[in-house]
Structure formats: structure tokens, C-alpha cells
Amino acid sequence: MRDIVGVMLHVLVSDAGQVLDPNVPLLHADDLGVLHGDGLFETMLMRDGLVRNLERHIDRLATSTAPAGLPPIDIAHVAELIEIAATEWRRRFDGEGALRVVYTRGREGGDRPTLYVTVSAVPSRVAEVRRDGIRAVTLPTAYRPGLAAEAPWLLAGVKSLSYAANVAALRHVQGLGVDDAIFVADDGSVLEGPRSSVVAVIEGVLVTPLRDDGILPGTTQAELFAHARTRGIPVDERRLHVDELFSAAEVWLLSSITVAARVHRLNGQDLPNQRKVIGVAAMLGVPPMS
Ligand code: PLP
């Protein structure tokens, strides 16, 4: 990979499709994305010059505008901005990049949403957790099954810019000396990680929690289940109790940038079975944990 140490942000493309200097400020001080976290984003992995799961990401952005009360996106325009950013990244670098689309409500009192695309270097922790797996702890939340449908203003299941609580959860667990977290609802149902979907292998079945319980429908989890279906591996989306994770054959946190990180320790307990039952990482094209 050509040298990209130093600044993390390397490519910035405006709504008008211009490639801008990423070190020059772009937003207005009263952008509601900044003031309220009022907007949506998508983060995609650029690998081997391609944007992984492009259609799934654009679909999720397009279907999130209505629950977030934002104007619909112009799908072709967003795809074009992504292509401009990806081309610029490819022209300058050949390693993995994190491509982000940001779509906010725009300026306070204004009537135009803000849209831009960036590409940054992938943090070095990513290669480590793909290779070595992670230690995680479960964290309680006030969620209960059914709440997401009763309280749509919580924007559960929407990739909203309001991520302060998610990153606070990550800081909290890092303070405990572990790598990541798994949110659990008040009835013990597994929800998701602050930046990942949970998938467990239970009796040969790939199981992920019910998206109706207010979790983000993960593009990586969708990709994994699509690969599994073509290979005849059974998949299930169902309520998953936290106790089941301790006896599962494999527990994974999946996300666009890390792709797949195996959980080898949960709440201070080694997960019992470290053998690989289903080639989750291989199906997603990342090297399995050694
Ligand atoms: N759940 C949450 C809360 C996330 O933030 C993410 C990704 O950032 C995911 C799940 C995984 O989604 P994806 O695989 O589309 O990256």
C-alpha cells in the first residue's frame, strides 16, 4: 500500500461532485448534522478497488430517509458521488479505504440537505481484530422487544448520525480493558454491537437477532446470509438470548469496515468452543482467525 500515514481523511467529494481538499472546512457552523446529529450516514469498505456491498448500502440509506423525516435521496446522484470518491481513492492509493456518505438535514432554518462523501484510511486496529478476534462485554440498554415499533422517534434501526451513545459505550468498555460491546435488551435479548451486527453459530445454524427489535439491518450480515443460503447453510433471524452466546459454537461481530471479528471472550469468560464450524470469515473474504 502506498504511504497514507498522517491525516486520516484523504478524499472529500461535495454534493456538486467536486473533489475538494479534505483539510479545508466544508460544513456551516449551523449544520443540523453537527448541532443535533440530525442526519444519516453509511460507511462502506473499499477493497481491491471496489466498494463492497454498494447496493445494500445505498438501499439502506434510501429506506432510512422516511423514518428520519429527511427528503428522499437521489440514488443515481449518490451513486455518482461514491464513484467519484472511489475513483479518486483508487488513483491515489491501493489499500483498503473507509468510504462514508453523510446526509444531514442541512443548515438550521434552511431547506437543503447537506450531502458529501469521504474516504479515509482504515484504522490499524481492523487488521488486528480480524486476525486475533476480540474480547467483548454485554451492556444493558433500556430497549425491550416491541419498543422500536412503538417509539419510531428513537430511530432504532436507522443509521443516524447520532452515534455519541455508541462511541461512549466503546470508550466505556475500552476502559474495562476489552475491545467491544454487545447491547442487550431488558429481557436478555441480544441486540447488536455499537458498530456491528451479532451473528452466532448455534447447532450449525447462523443466527442473528430480529431486526424488528430495533437493530440496524447490517449489510455485512445480509451478505453473509446470502452466501450461506447459496451454500445450503441454514440461517435464522430470531430472538437470541444472551445466555445462548456462551454455548454457541462461534460468535461474530460483523460490520462493513472490520467485516468479521470473532468474539473469543465474553464478560471475562472464554467462549467454550474455538473450533471453526462454519467458515464465516472465509465466506466474507477475510482471513479466518488463527
Ligand atoms: N449495527 C450498528 C449499530 C452499526 O453501527 C453497524 C455498522 O456500523 C452495524 C450494525 C453493521 O452494519 P454494516 O454491516 O452495514 O456495517
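A crossover is right-handed if, looking with the strands pointing away from me, the path from the first strand over the helix to the second runs clockwise. I wrote that down before anything else, and I also noted that what I am reading is a predicted model.

**Entry: the β-α-β unit**

I looked up which elements make the crossover, and found that S10, helix H7 (residues 219–230) and S11 form a right-handed β-α-β unit. I then checked how the two strands of this unit lie, and S10 pairs with strand S11 (residues 235–237) in the parallel sense, over three bridges. Within that pairing, I found Leu206 standing opposite Val235 in S11.

**Entry: the hairpin before it**

I went on to the other neighbour of S10, where strand S9 (residues 197–202) and strand S10 (residues 205–208) run antiparallel and are joined by three bridges. I looked for the partner of Ile202 and found Val205 in S10. The two strands form a hairpin with two residues between them, and in the turn I noted that Glu203 has a positive phi of about 50°.

**Entry: the six-stranded sheet**

I reminded myself that strands of a sheet pair through backbone hydrogen bonds, either parallel or antiparallel. Here I traced an open sheet of six strands, in the order S2-S1-S6-S5-S3-S4, with antiparallel pairing. Which strands stand at the edges? They are strand S2 (19–20) and strand S4 (50–51), and each has a single partner strand, so one side of each is left without a neighbour in the sheet. At the S2 edge, I found that strand S1 (residues 9–14) pairs with S2 in the antiparallel sense over two bridges, and that Val13 has Val19 in S2 as its bridge partner.

**Entry: helix H2 and its neighbours**

I next asked what H2 lies across. It lies across strand S3 (39–47), S4 and strand S5 (97–104), and it runs at about 180° to S3.

For H2 and the helices, I kept in mind that two packed helices are described by the angle between their axes and the distance between the axes. The axes of helix H2 (residues 54–64) and helix H3 (residues 75–92) come within 11 Å and cross at roughly 135°, and H2 and H3 are therefore oblique to each other. I recorded the crossing of H2 past H3 as right-handed. Where they meet, I listed Leu54, Ile58, Leu61 and Ala62 from H2, and Ile75, Val78, Ala79 and Ile82 from H3. Sorted by class, this contact of H2 with H3 has eight nonpolar residues, no polar ones and no charged ones.

I then turned to H2 and H7, which pack at an angle of about 130° with their axes 10 Å apart, and that makes H2 oblique to H7. The crossing of H2 and H7 is right-handed. In this contact I found Arg56, His57 and Arg60 of H2 together with Thr219, Ala222, Glu223 and Ala226 of H7. The residues of the contact of H2 with H7 divide into two nonpolar, two polar and three charged.

Conventions. Residues numbered from 1 in each chain as written. Predicted model: local features only at pLDDT ≥ 70, side-chain atom pairs only at ≥ 80, totals over all residues. Heavy atoms only, no water. Axes fitted to C-alpha atoms, helices over the stretch in contact; angles between N-to-C directions. Helix = DSSP H or I, 4+ residues; strand = E, 2+ residues; numbered from the N terminus. Parallel < 35°, antiparallel > 145°, perpendicular 65-115°, else oblique. Left-handed = near helix turned anticlockwise from the far one by under 90°. Contact = heavy atoms within 4.5 Å. Nonpolar A, V, L, I, M, F, W, Y, C, P; charged D, E, K, R; others polar. Pairing = 2+ DSSP bridges.
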